[in-house]
Amino acid sequence: MDYQNIFKRHEIKYLLDSRQKEQMLEAMKPYMRPDQYGNTCIRNIYYDTDTFRLIRRSLEKPAYKEKLRIRSYRAAAPDDMVFVELKKKYQSVVYKRRIAMTEQSARECFQTGAPLPVRSQIADEIDYFRCYYQPLRPAVFLSYEREAYESVDGSGFRVTFDENIQYRQEAISLGADLYGTPLLKQGEALMEIKAANAIPLWMSRLLASQRIYQTSFSKYGAAYQRILAEARVQDVRTVFPYGDTFTNMLTNGGLKYA
């Protein structure tokens, strides 16, 4: 396992029905193969302020936005390795820094506010982010089933298919069972194309021939919008348990970025 990674790439998303997904998988066979993770159930804990500052800013579609999460590719025991990821996007280019550590170490650092137990440029960036936006809290647990493919030519071109995307605000743990509120319709899949440079010509032709068009879809953003809609029809104090700041903003109609 690589304990530190830096990624720079374009990420383009498409919503597919089951028929379109099967057509894509069949057409990809000469060019793609399952990557090192293959089929996985990905678990994420997204961190945010008590007013959801990070995701509100992201949904405004600024030129620059950023988010922080802890990710695992299976149910994580305390000694299992997980990834702390800082994801930034600037003018449609995604920059991701991630560092691996045990689930227990990551959880304790985020609970106590202690620095990450590694000294590196990536760790320093993550610690600066945590300090700048403090206090950060575990806002959403988000999980999905992923099929991941990489180009057979070694170019680094990747395609992933995410299904059964669901979120919740309770039992926020990378070791917990998978359940929650679904974000996609039955049979839908979110396809993501991840490319450091241009999309291969064969893929561009395939998308055009199948009439599959790019969409804008943020998993955390969609979860937040569902949470916000739920808060409008429920007691917001049960939906946002971290204090009165967001409750006051919601009831007063003040949802502007601050």
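P135 is found in the loop between α4 (121-132) and β6, where helices (H or I, at least four residues) and strands (E, at least two) are DSSP runs numbered from the N terminus. The peptide bond that leads from Q134 into P135 is cis, with omega near 0°. The model is a predicted one, in which local features need pLDDT of at least 70 and side-chain atom pairs count only at pLDDT 80 or more, while totals for chains, interfaces and linings use all residues. Residues are numbered from 1 along each chain as its sequence is written, and side-chain values use heavy atoms, with hydrogens and water left out.

Most residues other than glycine have a negative phi, and most peptide bonds are trans. Two loop residues carry a positive phi without being glycine: F52, with phi near 55°, and A171, with phi of about 50°. F52 is found in the loop between β2 and α2 (53-59) and is buried, with a relative accessible area of 4%, whereas A171, in the loop between β7 and β8 (181-182), counts as partly exposed at 39% relative accessibility. Here buried means under 20% relative accessible area, exposed over 50%, and partly exposed in between (1.4 Å probe, protein chains only).

In helix α1 (residues 18-28), the buried residues are Q20, K21, M24, L25 and M28. Seen down the axis of α1, these residues fall within an arc of 135°, so they line one face of the helix; the arc is that of the directions from the helix axis to the C-beta atoms. The elements that cover them include the strands β1 (4-16), β2 (32-48), β6 (137-151), β7 (158-168) and β9 (189-195), together with helix α5 (201-209). At the N-terminal end of α1, D17 acts as a cap, with a side-chain oxygen 3.2 Å from the backbone nitrogen of R19.

R146 lies in strand β6 and is buried, with a relative accessible area of 9%. Its side chain is joined to that of D162 by a polar contact of 2.7 Å, a polar contact being a pair of N or O atoms within 3.5 Å, of which, within protein, one must be able to donate a hydrogen and the other to accept it, and residues adjacent in sequence count only if both atoms are side-chain atoms. Beyond four places in sequence, the residues that R146 touches (contact means heavy atoms within 4.5 Å) include R71, E192, K194 and K219.

The chain averages a pLDDT of 90, and 90% of the residues score at least 70, pLDDT being the predictor's confidence in each residue, from 0 to 100. Over residues 253-258, pLDDT stays under 50.
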